[in-house]
2 protein chains.
Amino acid sequence: MTGRQLHLNLFVYPGGHHEAAWRYHGSDVERILDIGYYQDLARRAEAAAFDGVFFADGPALPDNVRYAGRFRLEPFTWLSAIAAATERIGLIATASTTYFEPYNLARLFASLDHLSRGRAGWNIVTTGAPQAAANFGLDAHPAHAERYERAGEFLDVVTRLWDSWEDEALVADQKTGVFADTDRIHTIDHEGPRLKVRGPLNTPRTPQGRPVYVQAGSSEDGRAFAARYAEAVFTAHQTLASGQAFYADLKARVAAAGRDPGQVLILPGISPFIGSTEAEARALHEEFNELIQPAYSLQQLHRVLGLELDEEALDGPVPRELVDTGGERGNGSRFQVVLDIIDRERPTVRQLLHRLAGARGHRVVVGTPEQIADQLQEWFVSGAADGFNVMPPWLTGGFDLFADHVVPILRDRGLFRTEYTGTTLRDHYGLPRPDSQYAHRD
Amino acid sequence: MTGRQLHLNLFVYPGGHHEAAWRYHGSDVERILDIGYYQDLARRAEAAAFDGVFFADGPALPDNVRYAGRFRLEPFTWLSAIAAATERIGLIATASTTYFEPYNLARLFASLDHLSRGRAGWNIVTTGAPQAAANFGLDAHPAHAERYERAGEFLDVVTRLWDSWEDEALVADQKTGVFADTDRIHTIDHEGPRLKVRGPLNTPRTPQGRPVYVQAGSSEDGRAFAARYAEAVFTAHQTLASGQAFYADLKARVAAAGRDPGQVLILPGISPFIGSTEAEARALHEEFNELIQPAYSLQQLHRVLGLELDEEALDGPVPRELVDTGGERGNGSRFQVVLDIIDRERPTVRQLLHRLAGARGHRVVVGTPEQIADQLQEWFVSGAADGFNVMPPWLTGGFDLFADHVVPILRDRGLFRTEYTGTTLRDHYGLPRPDSQYAHRD
C-alpha cells in the first residue's frame with residue numbers, strides 16, 4: 001500500500017459538534033471539564049492512527065451560553081496535558097494573531113513542541129468574534145483586512161523567533177563549559193508597522209523547528225494568507241463542487257506563490273452520523289435535531305446572517321431578501337456557505353436550523369459506514385480533499401463509531417495508514433522540517 | 001502530631017540551582033529539555049508530600065547563555081504536562097503582570113487549575129529583566145513603581161475574571177436544556193488607568209476559585225503588594241536576623257491591611273549541600289565552586305551591583321565604594337542581599353562569586369541532614385519562616401538527598417506531614433477557597 005493516503009484529524013469540542021450534543025444521553029456532559037475525558041479521546045484517536053487532535057479557540061465568551069456548551073478550553077494547557085497522555089498524535093491549537101503578543105505565543109508553541117517531542121500544530125486565526133476586543137482594551141474589533149495585515153507581520157515575527165536558535169546552538173558541553181554557541185543565537189530585530197520585537201526566543205529550537213502552520217479562513221484575505229503560509233487548511237464545504245473549486249483555487253494560489261502544492265493539505269470538516277443501516281443513521285440524526293432549542297439556534301442564525309426571526313417563522317421559508325450581505329459579515333467564509341444552502345435547497349427556517357446545528361456550517365453526512373467511507377473517498381479522489389477534519393456529532397461515542405467502523409473500511413481500500421510511520425506531526429502530514437533561516441552555511 | 005507544620009516547595013530549575021549545576025557530572029544535562037525529567041522530579045516531590053513545585057520565568061533570553069543553562073521553560077505548558085503525571089502536588093507558575101494581557105493570563109491559570117483539579121499557584125512578578133521590553137515593542141522597560149501600579153490593577157482585573165462565573169453558574173441540565181445560568185455569569189466592566197477589560201471569562205469557575213497568589217518581591221513596593229494580595233511569599237535571606245525582620249515586617253503589614261497573617265505563608269529559599277559528614281558536604285560544595293566560570297560570574301555581578309571587574313580582581317577585596325546604588329537597581333531586593341553579604345563578610349571577589357553561585361543570592365546551607373534540619377527548624381520556630389522553597393544545587397540527585405535524608409528528620413520532629421490531607425494547593429497551604437465576589441446572596 002503505497003498510494004496517496006488521506007489524513008484525518010479529530011476536531012475536539014466539549015460534548016461534541018452538534019449544537020445540542022451536550023443534551024444527548026450518550027454525551028459525557030458531566031466530564032466536559034475533566035482533562036481525563038479529553039486524554040481518553042486523544043488516546044482513542046491515537047489508537048486509530050489519526051494525524052492529530054484539533055482544538056478551536058477564541059478569547060471571549062460566546063454570546064449565549066444559556067443553551068449551549070460554549071465555554072472555552074484553553075488549548076495550550078489542555079494540549080500539554082494531552083501530550084503527556086499520548087506518544088504520537090499531533091496536537092493542533094488555535095491561537096489568535098490579533099489577541100496574543102507574538103513573543104508569548106512563540107514561547108507557548110515552542111514549549112508545546114518540545115514537551116510533545118514535535119507534535120505541535122498552530123491553527124492560525126485572526127479571531128472573528130467581535131466581543132473579544134472588549135477583553136483586550138480595544139474600543140472596536142479590528143477590521144478584517146487590518147487583522148490579516150497584522151497576521152502576516154505576526155507570522156514573520158514568530159517564524160523568526162522559532163528560527164532564532166539554530167539547531168546546533170545548544171551545546172551543553174560539560175567539559176569546556178560552553179552551554180550555548182551564542183554565534184548561533186540571533187536577535188530578530190523586527191521593526192514593522194504593527195510589531196516591534198527584538199528576540200531571540202528564550203528556548204532552544206524545537207523538534208519540528210516550527211509548529212505546523214494550519215489555517216482556516218476561506219475569505220479572499222484568508223486564501224491569500226493560506227497560499228503564503230499554510231501547510232494545512234481546514235475548510236467548510238457542503239457540496240463536492242464547492243470543495244473541488246476551493247481545492248483547485250487554493251492549490252493554484254500556492255503554486256503561484258512559489259510553493260509546492262503537495263505541501264499544503266486541504267482538510268474539509270465532516271460530521272458523520274453513522275448507523276448500521278441508513279434508516280438507523282437518519283433516526284439518530286433526527287434524535288439530535290429534536291434536542292435543538294430554537295431560541296438558541298435563531299440567535300446563531302442572526303449572528304451569521306443578520307436575520308432576526310422568531311419561533312413563529314420556523315415553518316416558513318427563509319426570507320432570503322432580508323439577509324444582510326453588507327459589511328464585515330459578507331467577508332466571512334461561513335456566511336457564504338449558509339447563503340449557498342439557502343439558494344440551493346430553499347429550506348424552511350426550521351430545516352435550515354437543522355442543517356446548521358450539525359456542525360456550524362460544516363458538512364454533515366448521514367449513513368452506514370460504507371456510505372460514509374464512499375463519501376470520503378469520493379472527495380479524496382476527485383480533487384476536493386487531502387483528508388478530513390472529523391467532527392463527531394457527540395463525544396466520545398460518535399468518534400468511536402467512526403474509528404471502529406469507518407476507519408477499517410478506509411484501510412481496506414488502502415486509503416489510510418494502519419500505523420504511524422513517523423513521530424512528529426510533520427511526519428504524519430508528510431511535511432519537511434524547515435531549516436532555520438539563520439542557519440550558518442559552514 | 002497536630003502542631004504547626006512547615007511547608008516545602010521544590011523550586012525547579014533546569015539542571016539545578018547552582019550556577020554551574022549543568023556542568024556537574026551528577027546533573028542530567030542531556031535531559032534538560034525532556035519533559036519526562038521534570039515529570040520525574042515532580043513525582044519525587046509528590047512522593048515526599050511536598051506542597052508544590054515552582055517554576056521561575058521571564059519573557060526574554062538572559063544576557064549570557066554561553067556559560068550557563070539559562071534558557072526558559074514556558075511554565076503553563078510545562079506544568080500542564082506535569083499535572084498529567086501527578087495527582088496531588090501544587091503547580092506554581094511564574095507569570096508577568098507587565099508582559100501578559102490579563103484576559104490571556106486569566107485563561108491560562110483557570111485552565112491549569114481545572115486540569116490539575118485545583119493545584120495551580122501564581123507567582124506574581126512584574127519582570128525585572130529590562131531586555132524583556134524589546135520583545136514586546138516597548139522602547140524602555142517600565143519603571144519599578146509603574147510596573148507595580150499596573151500589577152495592582154492587573155490583580156483586580158484577573159481576580160474579577162476568575163470570579164465572573166459563580167460556582168453555581170454551570171448547570172448542564174440535559175432535560176431543561178439550560179447549560180449555564182447566565183444570571184450567575186458577570187461582565188466585569190473594568191475601566192482603569194491602564195487596563196480595560198469587559199469579561200466575563202470564557203470558562204466556568206475553577207476548583208480553587210483562583211490560583212494561590214504567590215509573590216516574591218521584597219522591595220518596598222513588593223512588600224506593600226504582598227501585604228495586599230499574597231497568600232505565600234518567596235524571599236531570599238542570608239541570616240536568621242534578616243529573615244526574622246522580614247517575617248515580622250510582612251506579617252505586620254498583612255495585619256494592617258486587614259488580612260489574617262496566618263494566611264500569608266513566608267517561604268525563604270534554601271539551597272542545601274548535603275553530606276553524610278560535614279566534611280563531605282563541604283567537599284561537595286567545593287566541587288561545585290570549582291566548576292564556576294569567572295567570566296560568567298563577573299557578568300552576573302555586574303548585572304546585580306553595576307561593578308565592572310575582570311579576572312585579575314578575583315583575589316582582591318570587593319570594591320564596595322564602586323557599587324552603583326543609584327536608580328532602578330537600588331530598588332531590587334536581591335541587590336540589598338548582596339550588599340549585606342559584602343558589608344558583613346568582607347569577601348574577596350572570588351569568595352563573593354562563590355557565595356552567589358549557589359542560588360543567586362538565596363541562602364546556601366552546607367552540612368549533614370541533621371544540621372540542615374536544625375537550620376530549617378530554627379528558622380521555622382523563631383519567626384523567620386513558615387516553610388521553605390527548596391532549591392537543590394543540582395537535579396535530580398540534589399533533591400533526592402533532601403527528600404531521602406532531611407525530610408524524614410523533619411517528620412520525626414513532627415514538623416512536616418507524612419502524607420497529604422487534602423487535594424488542592426490551597427488545602428496543602430491551609431488556605432481557604434475564596435467565594436466569588438459576585439456570589440448571589442439568595
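A polar contact is taken here as a pair of N or O atoms within 3.5 Å, one able to donate a hydrogen and the other to accept it. With that in hand, a good place to enter this predicted model is the side chain of Arg119(A). The backbone oxygen of Ile89(A) lies 2.9 Å from a polar atom of that side chain, and the backbone oxygen of Ala83(A) is 3.0 Å from a polar atom of the Arg119(A) side chain.

Arg119(A) sits in the loop that runs between helix H3 (102-115) and strand E4 (120-125) of chain A. What, then, is the charge environment of this buried residue? Arg119(A) has no salt bridge, and the nearest side chain of opposite charge, that of Glu46(A), is 4.2 Å away. The salt-bridge rule asks for a side-chain nitrogen of Lys or Arg within 4 Å of a carboxyl oxygen of Asp or Glu, so the pair at 4.2 Å is not counted. Leaving aside residues up to four places away in sequence, the contacts of Arg119(A) include Glu46(A), Asp113(A), Gln208(A), Thr423(A) and Leu425(A). Also among them are Ala83(A), Thr86(A), Glu87(A), Arg88(A), Ile89(A), Gly90(A) and Leu91(A).

Moving outward to the assembly, chain A can be laid on chain B with an RMSD of 0.0 Å by a turn of 180 degrees and a shift of 0.0 Å along the axis. This is the relation of a two-fold axis. Within chain A, the C-alpha nearest the axis belongs to Ala81(A), at 2.2 Å. Both copies use the same surface, as 100% of the contact residues of chain A recur in chain B.

The interface itself brings 75 residues of chain A into contact with 75 residues of chain B. The two chains bury about 6000 Å² between them, and carbon and sulfur atoms give 59% of that area. Which three residues supply more than any other three of the area that chain A buries against chain B? They are Arg66(A), Gln174(A) and Phe179(A), which supply 12% of that area.

Polar and charged pairs also span the interface of chain A and chain B. The rule finds 38 residue pairs in polar contact across it, both residues at pLDDT 80 or more, and 6 salt bridges. In one salt bridge, Asp139(B) pairs with Lys196(A), and the closest N and O atoms are 2.3 Å apart. On the side of chain A that touches chain B, at least two residues each come from helix H1 (35-47), helix H2 (75-83), H3, strand E5 (170-173), strand E6 (178-180) and strand E8 (196-197). The largest share of that side, 8 residues, comes from H3(A).

Some backbone details deserve a look. Most residues other than glycine have a negative phi, and most peptide bonds are trans. In chain A, a cis peptide bond joins Leu395(A) and Thr396(A), with omega about 5 degrees; Thr396(A) lies in the loop between strand E13 (387-390) and helix H12 (397-412). In chain B, Leu395(B) and Thr396(B) are likewise joined by a cis peptide bond, with omega about 5 degrees.

Positive phi values occur in chain B at Ala49(B), near 60 degrees, and at Asp189(B), near 50 degrees. Ala49(B) belongs to the loop between helix H1 (35-47) and strand E2 (52-55) and is buried, with a relative accessible area of 2%. Asp189(B), placed in the loop between strand E6 (178-180) and strand E7 (190-191), is partly exposed, with a relative accessible area of 48%.

Note on methods. Residues numbered from 1 in each chain as written. Chains lettered and ligands numbered in written order. Predicted model: local features only at pLDDT ≥ 70, side-chain atom pairs only at ≥ 80, totals over all residues. Heavy atoms only, no water. Least-squares fit on C-alpha atoms with pLDDT ≥ 70 in both. Contact = heavy atoms within 4.5 Å. Helix = DSSP H or I, 4+ residues; strand = E, 2+ residues; numbered from the N terminus. Buried < 20%, exposed > 50% of the residue type's maximum accessible area, 1.4 Å probe, protein only. Lys, Arg positive; Asp, Glu negative; His and termini not counted. Buried area = accessible area lost by both parts, 1.4 Å probe.
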